[in-house]
Amino acid sequence: MTALRICVLGSNACAWEIADRLDKAQVDVLLAARDGADDLRPAAGRRGEPSRVETLSGVRLSACNGQIGRFDLVFASRETVIRQTVSAVVLAESDERCSNQALYGLKPAEGILPLSKLLEAGFRPPAGTAPWKQVVFLNGLRTESQPAIAGDIMRAALQLQNEHGAQCCILTRNLKVAGEGLEALSREARAAGVLFFKFTNSEPTVLQAEDGSVRMRFIADPTGKEFQLAPDLVVVDEAVRPSNDALELARILGIESDPAGFTQADNVHRLPVATNRRGIIVAGPARLVGTDAAVEASNAALEVLIGLAAAPADVATAAQIESGRCVRCLTCLRVCPYRAVALDGRPQILPDACERCGICAAECPREAIRIAGLEHADLHRLIAAGPTTDPAGDSPLLVAFCCRRSAAPALRAAAADSCWTATLNIIEVPCAGGIAPEVILSAFRQGADGVLILACHADNCHSRHGNHLAQQRAQLSSAFLDRCGAGAGRLVFKTLASNMPAEAAAIVTAFSTTLHGLKSNAPSARTPEKELS
Amino acid sequence: MTTPTDVSTLRSYDRPRWPFSQDVCMTCGICACTCPVSGVDGFDPRKVVRLAAMGLEQELVDSRWPWICTMCGKCEQACPMEVRIPDVVRRIRSLRDRDQVPGILHKGLQAALETGNNLRLPKDDFLFILEDVAGEIREEPGFEELQVHVDKKGARVLTTIHNKLVNTHTEDLKHWWKIFHAAGESWTISSENWEGTSWGYFTGDDDAMKTMAGRILNQMEALEIDTLLWPE
């Protein structure tokens, strides 16, 4: 095995910590960031020991090709292009804060500071001005409160009140305290006399005079009393978002983000710090708001080493592109959620990146992609192995294609104590997005009265858009069934989570009832290998 | 329309703190939901706690709210922040001038401090009522031998009397006494300062509570009794 070399992208406490931990684990590290050399603090500099950490500052990543074990990185600096090969990549970029001042309709003025500026100023007014007597913090009145921001606000209020003799008020809508020590901090601030005014259905009236000074008036929930304020200082909360560098790097690395752009996607099937691309790990402030650098560093270092220690994939189990059939339309490259298709003259599967979801194979217009165990013939056999008659009566015969991460466990749990087990063929697949229309029709050809496509909920697909593709194909197939006269109602697409057996049972029961109705109208539809072949 | 209160006049942070955790209220409102008298004259425990936390106790002292509270304590049981709400209410009550304490509580407490019971019931009348009730019990089968012992030195149990039991609810005395009799208990009632209801508790008057508790203790010492039954 070649020596491991891991690229850590970022220039902040978390990135340095990760480099340090990997260094201690005897792994070579390439610490790269866009910042100048002065800002890039190498781990070795802090410990004064020989280091395996190599630094690359003032560079921009412009490409990342390859798969876990070997990624080819291209960095651009002002003068030159630098190529590096690494085993894995950790993206540990920074976040940034932007003031909500404009949202509150406040013009810049001496008596108004964004939270970060107050922290930077060390809680002291500019030289030559009087100490602040009354400070008002605005928290989460215009955007949803953010625990990391609320924490900074409460710490600042406590400090100003205890050390600087100011009277502090926090005007807040929801006060989010879901963070380390924040509930205790809220208690401490209240006990120190910091005044919290909470707004639910109302908000303070904020008036700014020509000279920039601010007055406020409000009815305080829940006393119903009206108050007024003329603070020396108004501290405005801030929104937290990933840095522009983080957003750009996530795009170049081809990893999914959450709706706000943070590099940890909301996908419930993925563990923290993992991404859709094996061997690319995310950590730090740009992953999630309010993370702890040390915890992030441990998780990231561990995850990246575990991933690299795993045995390389058996090439035979990954998707295979039949070069004779492939016409290089690049559909596979476009649809693969895991960046497991590389383009080297023609598309090629990267076996260690492939998760066997089957999306590429199902989407390929030339049927040029095969996955062992998931080929049409394999699925055909699984369909054929199911029940062909109802031993107890005339319940409809059902085939259910189920995602193994969600619907399959739910339906199995439901089937354990139900009457329709004998007529239901549960076919478990890695992703519902891997079921091609031909496979759906194959089920009907083999005598199914109805077919269920059961996928994960919207935005909860391990394969990003597998559930969405499955739904699209179900719609197309339904339209086809309708044109054939078999009835569009014979095909149903639903979404489930693995903990929803009751809902799974309800879907099957309702579908069976519908099919009974269809059967009485069109009894011939059940004849095998007839209308649709 | 009243003028808004200027927040800078609130002294939430430099006044002496009350030890009832009122400041940590997070205004969740669970107390207001559990309170059986929420809504009466606009009262609810959360408003009381919030005004106290803001240092506006004088507003509370001047209002009727603290006197609407029944001191049942449900709010305190429900509060997730463990704010001692009845203690807050009681402290506010204590801050009102005594002659401004609502009529019956103030008068009853004055009577108790001056005469030993809230009713100003003379000793002879009290003893007559006790004997009269005992006579009624003795007419019931099995209780012919029942005795009421007053000021019995060396008895095992001293019991106090809630004033309404020698006024409108004498029937309620009988249960206790029958049980004592059937159990062969050695018990007694004091002829002086027998009042078991201490309205110093409800009016926030700690001195009055201390006086009345002290009297009971003195009786126990004088009668050489080591067990007290203090119903209420």
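Two helices whose axes meet at an angle under 35 degrees count as roughly parallel. In this predicted model, helix 4 (residues 147–163) of chain A and helix 5 (residues 182–191) of chain A pack at an angle of about 30°. Helix 4 of chain A and helix 5 of chain A are therefore classed as roughly parallel to each other. The axes of these two helices are 10 Å apart, and their crossing is left-handed. On the side of helix 4 of chain A, the contact involves A:P147, A:G151, A:M154, A:R155 and A:L158; these residues meet A:L182, A:L185, A:S186, A:E188 and A:A189 in helix 5 of chain A.

A further helix pair was examined in chain B. Here helix 7 (residues 103–115) of chain B and helix 11 (residues 206–222) of chain B have axes that come within 11 Å and cross at roughly 40°. Helix 7 of chain B is therefore oblique to helix 11 of chain B. The crossing of helix 7 of chain B and helix 11 of chain B is left-handed. B:L109, B:A112 and B:L113 are contributed by helix 7 of chain B, and they meet B:A208, B:T211, B:M212 and B:R215 of helix 11 of chain B.

The domain assignment divides chain A into domain 1 (5–94 + 243–310), domain 2 (97–239), domain 3 (318–370) and domain 4 (383–532). Between domain 3 of chain A and domain 4 of chain A, the C-alpha centres are separated by 27 Å. The contact between them takes 13 residues from domain 3 of chain A and 14 residues from domain 4 of chain A.

In soluble globular proteins, nonpolar side chains tend to be buried together. The largest nonpolar core in the model comprises 50 residues. Those with the most contacts inside this core are A:I369, A:V399, A:F401, A:I435, A:V451, A:I453 and A:L491. Helix 12 (residues 437–445) of chain A supplies the largest share of the core, namely five residues. At least three residues of this core are drawn from each of domain 3 (318–370) and domain 4 (383–532) of chain A. A second, separate core consists of 40 residues, including A:L106, A:V214, A:F218 and B:C35.

The surroundings of A:L491, one of the residues with the most contacts inside the largest core, were also examined. When residues up to four places away in sequence are not counted, A:L491 touches A:I440, A:F444, A:V451, A:I453, A:A474, A:S477, A:S478, A:L481 and A:F511. Among these partners, A:V451 and A:I453 are likewise listed with the most contacts inside the largest core.

Note on methods: Residues numbered from 1 in each chain as written. Chains lettered and ligands numbered in written order. Predicted model: local features only at pLDDT ≥ 70, side-chain atom pairs only at ≥ 80, totals over all residues. Heavy atoms only, no water. Core = buried A, V, L, I, M, F, W, Y, C linked by side-chain atoms within 4.5 Å. Buried < 20%, exposed > 50% of the residue type's maximum accessible area, 1.4 Å probe, protein only. Helix = DSSP H or I, 4+ residues; strand = E, 2+ residues; numbered from the N terminus. Domains from an automatic or database assignment. Contact = heavy atoms within 4.5 Å. Axes fitted to C-alpha atoms, helices over the stretch in contact; angles between N-to-C directions. Parallel < 35°, antiparallel > 145°, perpendicular 65-115°, else oblique. Left-handed = near helix turned anticlockwise from the far one by under 90°.
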